[in-house]
Amino acid sequence: METKFLSLDWKADEAGVIEGYGSIFDNVDNGGDVVAPGAFAASLAQGRKVKMLLQHDPHDVIGVWDQVEEDGKGLRVKGRLLMQVRKAADAYELVKAGALDGLSIGYRTTEASRDRDGNRVILKAEVWEVSLVTFPMNEMARIDAVKAAGMTERDIERVLTQDAGLSRSVARRLMAGGYNAVKAMQDAGAGADELAALLKARLSL
């Protein structure tokens with residue numbers, strides 16, 4: 001599952017109603033991707049319930065999205081923070097203070113192309129969740145933080161294999177070259193089934 005971060009004007013009122021855009025069309029993001037208008041239409045038509053999460057954590061469901069729809073600008077969402085849930089109430093206070101001001105979608109690209117500038121144009125994607133976030137989710141940034149805490153290479157490998165469920169070969173490739181190295185393995189067919197199984201397991205949590 002991929003994620004995209006968007007720091008835009010969005011709001012939550014005193015009743016915990018929140019609204020904003022999870023994605024903007026025809027805009028080149030920092031990753032060199034462009035979401036085409038209509039990219040989410042087929043996914044939304046299937047009626048899949050888009051989750052409201054905190055920081056892309058499947059354990060932290062903090063509300064419900066009552067409206068998830070495309071308009072001329074992008075993917076617009078409107079929903080309710082469940083204020084009886086402690087983390088939802090905390091998130092609301094952070095939103096009011098301006099400390100939590102990002103929305104980020106979790107999605108899977110099903111059709112894409114390249115434009116003349118080499119940017120990936122996402123033509124079709126399945127949207128799974130829209131999160132309230134501080135920063136975009138970045139697995140390599142997490143690993144860097146672990147390194148800064150004084151963990152050895154063997155410690156990090158153990159976390160990736162035992163906790164994250166990766167094989168030793170994929171874990172080592174991730175440590176050595178990051179996402180692009182793992183993506184190269186996937187494109188070559190190596191580790192593709194394993195990565196797919198891991199993502200499926202995480203999404204089912």
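## Exercises on strand pairing and charged contacts

Strand β6 (residues 57-70) and strand β7 run antiparallel and are joined by 7 bridges; two strands count as paired if DSSP finds at least two bridges between them, and strands (E, at least two residues) and helices (H or I, at least four) are DSSP runs numbered from the N terminus. The model is predicted, so that local features need pLDDT of at least 70 and side-chain atom pairs count only at pLDDT 80 or more, while totals for chains, interfaces and linings use all residues. Residues are numbered from 1 along each chain as its sequence is written, and side-chain values use heavy atoms, with hydrogens and water left out.

**Exercise 1.** Describe the pairing of β7 with β6 and with β3.

*Solution.* Begin with the connection, where a hairpin of 3 residues leads from β6 to β7. Next, take a position within this pair: Val68 has Val77 as its bridge partner in β7. Then turn to strand β3 (residues 17-24), which pairs with β7 (residues 74-81) in the antiparallel sense over 7 bridges. Within that second pairing, Lys78 of β7 is the bridge partner of Glu19.

**Exercise 2.** Which side chain meets that of Glu19 in a salt bridge, and which parts of the chain does the pair tie together?

*Solution.* A salt bridge requires a side-chain nitrogen of Lys or Arg within 4 Å of a carboxyl oxygen of Asp or Glu. The side chain of Glu19 meets that of Arg76 at 2.7 Å, N to O. Because Glu19 belongs to strand β3 and Arg76 to strand β7, the pair ties together parts that are 57 residues apart in sequence. For the surroundings, buried means under 20% relative accessible area, exposed over 50%, and partly exposed in between (1.4 Å probe, protein chains only). Glu19 is buried at 18%, whereas Arg76 is partly exposed at 25%.

**Exercise 3.** Work through the salt bridges of Asp60 and of Glu126 by partner, location and accessibility.

*Solution.* For Asp60, the partner is Lys87, with an N to O distance of 3.0 Å. This pair links distant parts of the chain, 27 residues apart, with Asp60 in strand β6 and Lys87 in helix α2 (residues 86-97). Asp60 is buried, its relative accessible area being 12%, while Lys87 counts as partly exposed at 43%.

For Glu126, the partner is Arg108, at 3.1 Å from N to O. Since Glu126 lies in strand β9 (residues 120-133) and Arg108 in strand β8 (residues 102-114), the pair ties together parts that are 18 residues apart in sequence. Glu126 counts as buried at 15% relative accessibility, and Arg108 is partly exposed at 42%.

**Exercise 4.** Where does Arg48 lie with respect to Trp128?

*Solution.* A charge sits over a ring if NZ of Lys or CZ of Arg is within 6 Å of the ring centre and within 35 degrees of the ring normal. Arg48 lies over the face of Trp128, 4.5 Å from the ring centre.

**Exercise 5.** Set these details within the totals for the whole structure.

*Solution.* The protein chain has 6 helices and 9 strands, and the structure holds 8 salt bridges. Of the 205 residues in the chain, 38% are buried. Taking contacts (heavy atoms within 4.5 Å) with a separation of 6 or more, 61% are between residues 24 or more positions apart. Finally, the accessible surface of the protein chain, from the Shrake-Rupley method with a 1.4 Å probe, is about 11700 Å², and 50% of this surface belongs to carbon and sulfur atoms.
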